[in-house]
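This report describes the fold, the nonpolar cores, the salt bridges and the backbone of one protein chain. The sequence and the structure are shown first.

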Amino acid sequence: MIAASCKICNNIKNNYILKVREMYFGTREEFEYMECSNCGCLQLINSPKDYSVHYPKNYFTFNQKHENKIKSLLNRFRDKAAMGENSLLGTILLKKYGSPVYVDRMKNAGISLKDSILDVGCGRGILLHKMKESGFENVIGIDPFIDKTIEYKNGLKILKKDFYEMDGLYDLIMFNHSFEHMENPVEVMKKSNELLKLNKTLLIRIPVADSYAFKHYRNNWSSLDAPRHLYLHTKNSIKILAEQSGFEVKKINYDSRSWQLWGSEQYSKNISLLDERSYYTNPQKSIFTKNQIDQFEKKTIELNKNGEGDQAEFYLQKISEVTSA
Ligand SMILES: [Zn+2]
């Protein structure tokens, strides 16, 4: 089927139209995505005019919670030890529980506790709050969809602000599952370039379409999340974006979850994520046996290892200056 040109690589040949239903809340409203035959990127063709309808208060980002006080205190010691600031308690906890994933990401990005970090589309800033508590001194978040600017007791600020209004220079900019919700990925990357110091890292965590889950489930792939995800990228499309905006892909790490399998299985059987038979809302009433869930977990580990998981972390290094529009 012939469609419009790809917004990433401009390819116009053999692009395919995929009809995808809204299955998170289960409205089953249908949306059209274009699948580029060249770079593989999926892109929503007609964005809804009023997006607020598609982000009701029970969408998961609005319901994330801070850890309780004791857990937060213990994690503070553990996380500091993981970053190299040792204490007896920290070292014991680190040995027992291992390094938290976000610290591994900071290490991959070459970040120290003093470096300046910007988190774009961070919601209420649950991760940043934890980071600030654990000794990351210079962190800030922005999200245009929060009710108002938040100022935590520990000094952390989450600004209600548009990304394009930001200035300053950072050692790390991160998009933790927000990039796929934003229009004009090239412009977002160029703005990131402008806000980053040379040779520093842009970390983009997104769902990816060159994955087993998309190839296998197609329009029932759970991470498509129509119409909230505007772009579902691939290794290829991210590489093309990087070349257009002064970046180089340095490292890709797969961190997909088993939801790619059980979620997609459910969507294939017309069970939405919030349905009462969904494994998400009600594991006891779900269509899966314990054994099946174990298999999904096992397969997910394998997919991540083989680079076929449906979620990835892209570490992009700024290698040259570009100016955004
Ligand atoms: Zn393309």
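## The salt bridge of Arg-218 and Glu-35

The structure is a predicted model. With a relative accessibility of 28%, Arg-218 is classed as partly exposed, because this value lies between the limits of 20% and 50%. Glu-35, at 17% relative accessibility, counts as buried. These two residues form a salt bridge in which the closest N and O atoms are 2.7 Å apart. The pair joins distant parts of the chain, 183 residues apart: Glu-35 belongs to strand β2 (residues 30–35), while Arg-218 sits in the loop between α6 (212–217) and β10 (231–232).

The backbone of Arg-218 also deserves attention. Its phi is positive, at about 50°, although Arg-218 is not a glycine. Most residues other than glycine have a negative phi.

## Further salt bridges

In total, the structure holds 21 salt bridges. In another of these, the side chains of Lys-130 and Glu-67 meet with an N to O distance of 2.6 Å. Lys-130 is part of helix α4 (residues 126–133) and Glu-67 is in the loop between β3 (42–44) and α1 (69–82), so the salt bridge ties together parts that are 63 residues apart in sequence. Glu-67 is partly exposed, with a relative accessibility of 30%.

Arg-277 and Asp-275 form a salt bridge as well, their closest N and O atoms being 3.3 Å apart. Here Arg-277 is partly exposed at 39% relative accessible area, whereas Asp-275 is buried at 17%. Salt bridges also link Arg-105, Arg-205, Asp-255 and Glu-313 in a network.

## Overall fold

The chain contains 9 helices and 12 strands. Its radius of gyration is 20 Å, which agrees with the value near 20 Å that a compact globule of 325 residues would have. Along the principal axes, the C-alpha atoms fill a box of roughly 60 × 50 × 40 Å.

Of the 325 residues in the chain, 50% are buried. Among the contacts with a separation of 6 or more, 66% are between residues 24 or more positions apart. The chain exposes about 16100 Å², of which carbon and sulfur atoms supply 51%.

## Nonpolar cores

Which residues touch the most other members of the largest nonpolar core? They are Tyr-33 and Phe-175, in a core of 64 residues. Another core lies apart from it and has 23 residues, including Met-83, Ile-117, Ile-150 and Leu-172.

When residues up to four places away in sequence are not counted, Phe-175 touches Val-120, Phe-163, Met-182, Val-188, Ser-192, Leu-202, Leu-203, Ile-204 and Arg-205. Of these partners, Arg-205 is also a member of the salt-bridge network with Arg-105, Asp-255 and Glu-313.

## A nonpolar surface patch

On the surface, Ile-70, Leu-73, Leu-74, Phe-77 and Leu-89 make a nonpolar patch of about 420 Å². Helix α1 gives the most to this patch, with 4 residues. Ile-70 is located in helix α1. This residue counts as exposed because its relative accessible area of 62% is over the 50% limit.

## The loop between α6 and β10

The loop that holds Arg-218 also contains Asp-225 and Pro-227. Asp-225 is buried, at 10% relative accessible area. Like Arg-218, Asp-225 is a residue other than glycine with a positive phi, here near 40°.

Is Pro-227 buried or exposed? Its relative accessibility is 0%, so Pro-227 counts as buried. Its contacts, leaving aside neighbours within four places in sequence, are with Glu-22, Phe-31, Tyr-33, Leu-44, Pro-48, Tyr-51 and His-54. Among these contacts, Tyr-33 is one of the two residues that touch the most other members of the largest nonpolar core.

The peptide bond from Ala-226 to Pro-227 is cis, with omega near 0°. Most peptide bonds are trans. Between Pro-227 and Arg-124 the C-alpha to C-alpha distance is 22 Å, and these two residues are 103 residues apart in sequence.

How values were computed: Residues are numbered from 1 along each chain as its sequence is written. This is a predicted model: local features need pLDDT of at least 70, side-chain atom pairs count only at pLDDT 80 or more; totals for chains, interfaces and linings use all residues. Side-chain values use heavy atoms; hydrogens and water are left out. A nonpolar core is a set of buried Ala, Val, Leu, Ile, Met, Phe, Trp, Tyr and Cys residues joined through side-chain atoms within 4.5 Å. Buried means under 20% relative accessible area, exposed over 50%, partly exposed in between (1.4 Å probe, protein chains only). Contact means heavy atoms within 4.5 Å. A salt bridge is a side-chain nitrogen of Lys or Arg within 4 Å of a carboxyl oxygen of Asp or Glu. Helices (H or I, at least four residues) and strands (E, at least two) are DSSP runs, numbered from the N terminus. The radius of gyration is taken over C-alpha atoms; the globule rule is 2.2 Å times the number of residues to the power 0.38. Accessible areas come from the Shrake-Rupley method with a 1.4 Å probe; for residues, only the protein chains shown count as cover. Patches are made of residues with over 30% relative accessible area and no salt bridge: like charges are joined within 9 Å, nonpolar side chains (Val, Leu, Ile, Met, Phe, Trp, Tyr) within 5 Å.
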